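Got the viewer open? Let's take a walk through this model, one selection at a time.

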Amino acid sequence: MITISKQVRIVRKDKASEYKIKNFKVLGDSGDKKIGGSIKAENAMLVNSAELKSYLPNIIGVSVTDPEWGRKVDNHIRSISAPVEPTGLELEIGFNFDVTDMEFRPAINELIKEFKLDDNEADVFKFVVASVNRNNWWKYGKPINPADYFLWRYCQNYRPVANNVKDADKSDRIRFYIVDTDDVRKEQSEMFAVRQEANKLYFAISDDEYKVKAALFIAKEGAAVLSAKTNEDLLISLDQYVQSNATSFIKIAKNIDKLKDTAFVEECIARGIFTKIAHSNLITDSSTGDNIGGNVQEVVNYLNNPSNVKYTNTVKGIIKSKSI
Amino acid sequence: MLRVVSTGNFDNSIHTSENTMVKLMLTSPDKLSSKLVRLWGQDSDKLPLTHMTLGQGESGVKKVNEVEYYLNVIGRMTFTDEIEYNQYGPSDKPGYGGAPFYLYAKTNRFTVQFGLIGPDGKTRARIMEAGQEIPGRGFRFTCQLKSTKSNSFVDPTMLDTGKTWVMTAPTVSESLSDGNKTNVMGPGKIHNQIAFNRYSKNIAGNLANKVTQIEFPTESGGTTNLWINEEMRQFDIQLRQMNEEFNWTSEYNRAVDGSVSMKDYRTGLPITEGAGAFEQVREQNHDTYGYRLTLDKIKTVISTVFDGTPDDGNMDIAMFAGDGMIDDFDMAIKSDLTSSGFTMAMGDKAISGEGGKLSYGAYFTQYRDIKGNTISVKPLALLNNGSIAEVQKKNGLIHPRTKKPMSSHSAIFLDMSTYEGENNVKMVQMTGQEEINAIYKGLSPVPASWGAMGGNNMIATKVDESSFEKKMSTGIAIMNTRNCFALDCEL
């Protein structure tokens, strides 16, 4: 028998209401913390009758041949109420595979025939793990913890649970998300590589004061440029940005030569020559209130338009006088 | 068959005048009857929260002097604490053979000499030394297993961060024992705030004296042809219904730093809204169900609602619910009865009649637990026809089986008990701002009902208009939400 264990954790989204936050000392760990019923999730489970027959008897204690099977399955699925504690709800969604288990032998035989596999446990289940969607592993083995596996499958269609942290903020209705420990490890590895690349680019531009300032302006950290007293202040500000926005910085640093005009417009905004209207991308001339573009690129186009050369030179003159 | 001649028109101009009356077809020459046919039924049963608070007089109202208020509450004494840090690895054997082991708790709640039970409910230990604060690791307690087996030890995963242990009675030696301490729990505070609602009724010209061909019922039981009486009745019903819905559904809008981001554009002053009944309850106990409600789900709810209640069976919980939920509640119990073989007994109750006529229909509207506590079903119309329900209907958020809006399948279990003689659910109003009425008197004559308010309430304008101004402070306070529950149907 081969055991392939895997854990996922369902955690609460940090979505407490102002009322809850204000009263947390008294309300504490109460409220919106249950994985409950849902029409979509229930229906998604109930249509998979073959899947349910494979492991639900272990959970509800009723045989598939029992006349009460249908009613009890229906009742079990429609009565779900699983609390997610503050530390999360850990679920074991791994499987035990046994090539000699007669319950799964017909499906395994089909697999061997279709994909011309050697009839040995290691090869068959290596293939299952690599090529078969985990949602279909029940055809070839038994969940290590059927109740956990069932709840995980249910949550895949339960709208208040996002399938990963990236989707957690897609809707206010989402109250939980699933953390896959393998994904977390992969993401950490990817982030490490990104941070390494960002650090290399940081050192590559750090000797060029113009590029450091331009990067900060493009990153909308113009205030840091204006308040910097020394070159070291600029470098510290840029380093802080790099550490928390590595991906964005890589894009800026790689294109810094092409983004000179963008940096100029952002500097004008930072110095108050242009005004970016709150909650929009609209940019106006601060002294006249005239609209000069619907976004930064439009302002770049406006300034580069030969018919606006007089205006552009005036702005450049103001910037030059302020930069001295 | 009743033939509907007109379903009524809506006028949204600021002032009501003679022209408005023409627009509303109140001057139509032909009529089938002078009595008004109310297509949407009477309105008086749509205000349960108002009735159980304001309708109870002083016992249903709490007066406050500030927008923000708090309730002193005292929760259940707790003896549990969570693990903050684990110094042991997976292959370690903490406490093996009676050796001391370290438990790092979040707080210093645990006390020397007291016992401990681990997360598995079986592991028993004694706290041998008082907690010592270790920066970043919480409080370290030296403990010893109570087991007499020389090879027993604590499963190191039970000492993992987030695991909960509970404190039990202290045990000491027969003589020369030292004293310990007991914890005490201070009252906590539940914060909330009130909101202010403002409504105006504007009239112009001689509307106060205009008579229609339709007879409108009056409060005293008679009828009147004066249009202003009906218009004021609608005004009153509208604001009562809106306030009722507001008190159920409003959400607390003050940030943790005390600021309120919603401000009046004209004055810059904050517009406060408090946590309504739904928010207060959902933040305490909440669950969802799907295509249909099961008795198992109801029992889960009930076990939470009646958890920790006294044995006297006096608890009275009202399940305010939409029609969809009421139907689901009935179906859940009947389905369970049918599957348990009570078909005949149920049929006897559901079918009645005599003289060759049969009547079908009997519905479960109450649930009684083993202690005698009861849950009674109370219809809450706003879940079927309120603002949220209307929006859901128009946008297709309807239950696939009943075709009712999803809100109709919601229920809120409210603890209607009295605690120390105080109603558990109260309306909160600001002293002096409970309900202020005033007449903005212009050239336009004011109706007799407005004039009855007296000269002190008269204010003036040169324009041929008058208005009736109403400002109310309102909020809902649920003293104890622990026995309340919100249950929603999830698509």
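## First stop: a charged pair in chain A

Select Arg271(A) and Glu267(A): the two form a salt bridge, and their closest N and O atoms are 2.8 Å apart. Keep in mind as you look around that this is a predicted model. Are these two partners buried or exposed? Arg271(A) is partly exposed, with a relative accessible area of 22%, while Glu267(A) is buried at 12%.

Now pick Asp167(A) and Lys170(A). Here is another salt bridge, with 3.1 Å between the closest N and O atoms. Asp167(A) counts as partly exposed at 23% relative accessibility, and Lys170(A) is exposed at 64%. If you feel like hunting for others later, the whole structure holds 33 salt bridges over all chains.

## Two loops and a helix in chain A

Stay in chain A and select Lys220(A). You'll find this residue in the loop between helix H10 (209-218) and helix H11 (222-227). Check the backbone there: Lys220(A) has a positive phi of about 60 degrees, although it is not a glycine. Lys220(A) is also exposed, with a relative accessible area of 54%.

Which loop holds His279(A)? Look between strand E10 (274-276) and strand E11 (283-285) of chain A. Phi of His279(A) is near 60 degrees, again a positive value in a residue other than glycine. With a relative accessible area of 87%, His279(A) is exposed.

Next, click Ala224(A), which lies in helix H11 of chain A. Ala224(A) counts as buried because its relative accessibility is 17%, and buried means under 20%. Leaving out residues up to four places away in sequence, Ala224(A) touches Leu234(A) and Ser237(A). For a sense of scale, draw a distance from Ala224(A) to Leu27(A): they are 197 residues apart in sequence and 41 Å apart in space, C-alpha to C-alpha.

## Over to chain B

Colour chain B by domain. Domain 1 is made of 34-76, 185-340 and 363-491, and domain 2 covers 80-170. The C-alpha centres of these two domains of chain B lie 49 Å apart.

Now show helix H3 of chain B, residues 227-249, and pick out Asn247(B). This residue counts as buried, at 4% relative accessibility. What does Asn247(B) touch, not counting residues up to four places away in sequence? Its contacts are Leu49(B), Gly276(B), Ala277(B), Met427(B), Thr474(B), Gly475(B) and Ile476(B).

In that helix, also select Glu230(B) and Arg233(B), which sit three residues apart, about one turn of the helix. Their side chains meet in a salt bridge, 3.0 Å from N to O. Glu230(B) is buried, with a relative accessible area of 2%, whereas Arg233(B) is partly exposed at 24%.

## Where the chains meet

Show both chains together. How many residues are in contact here? On one side there are 40 residues of chain B, and on the other 33 residues of chain A. The area buried between the chains is about 3,000 Å², with carbon and sulfur atoms giving 52% of that. Highlight Glu283(B), Glu490(B) and Leu491(B): these three supply 20% of the area that chain B buries against chain A, more than any other three residues.

Turn on the polar contacts, and you should find 15 residue pairs between chain B and chain A, both residues at pLDDT 80 or more. The elements of chain B that each supply at least two residues to this side include strand E3 (68-73), helix H4 (277-282) and strand E28 (485-489). The largest share, five residues, comes from E10(B). By type, the side of chain B that touches chain A divides into 13 nonpolar, 15 polar and twelve charged residues.

Three salt bridges run between chain B and chain A. Zoom in on the one between Arg292(B) and Asp74(A), whose closest N and O atoms are 2.1 Å apart. Then add Glu42(A) and Arg78(A) to the selection, and you have a network of salt bridges linking these two with Asp74(A) and Arg292(B).

For the last stop, select Lys297(B) in helix H5 of chain B. At 0% relative accessibility, Lys297(B) counts as buried. Setting aside neighbours within four places in sequence, its contacts in chain A are Gly36(A), Gly37(A), Arg78(A), Ser79(A), Ile80(A) and Ser81(A). Within chain B, Lys297(B) is in contact with Asp287(B), Thr288(B) and Tyr289(B).

Terms used:
Residues are numbered from 1 along each chain as its sequence is written. Chains are lettered from A and ligands numbered from 1 in the order in which they are written. This is a predicted model: local features need pLDDT of at least 70, side-chain atom pairs count only at pLDDT 80 or more; totals for chains, interfaces and linings use all residues. Side-chain values use heavy atoms; hydrogens and water are left out. Contact means heavy atoms within 4.5 Å. Buried area is the accessible area (1.4 Å probe) that two parts lose on being put together, summed over both. A salt bridge is a side-chain nitrogen of Lys or Arg within 4 Å of a carboxyl oxygen of Asp or Glu. A polar contact is a pair of N or O atoms within 3.5 Å; within protein, one must be able to donate a hydrogen and the other to accept it, and residues adjacent in sequence count only if both atoms are side-chain atoms. Helices (H or I, at least four residues) and strands (E, at least two) are DSSP runs, numbered from the N terminus. Ala, Val, Leu, Ile, Met, Phe, Trp, Tyr, Cys and Pro count as nonpolar, Asp, Glu, Lys and Arg as charged, and the others, Gly among them, as polar. Domain bounds come from an automatic or database domain assignment. Buried means under 20% relative accessible area, exposed over 50%, partly exposed in between (1.4 Å probe, protein chains only).
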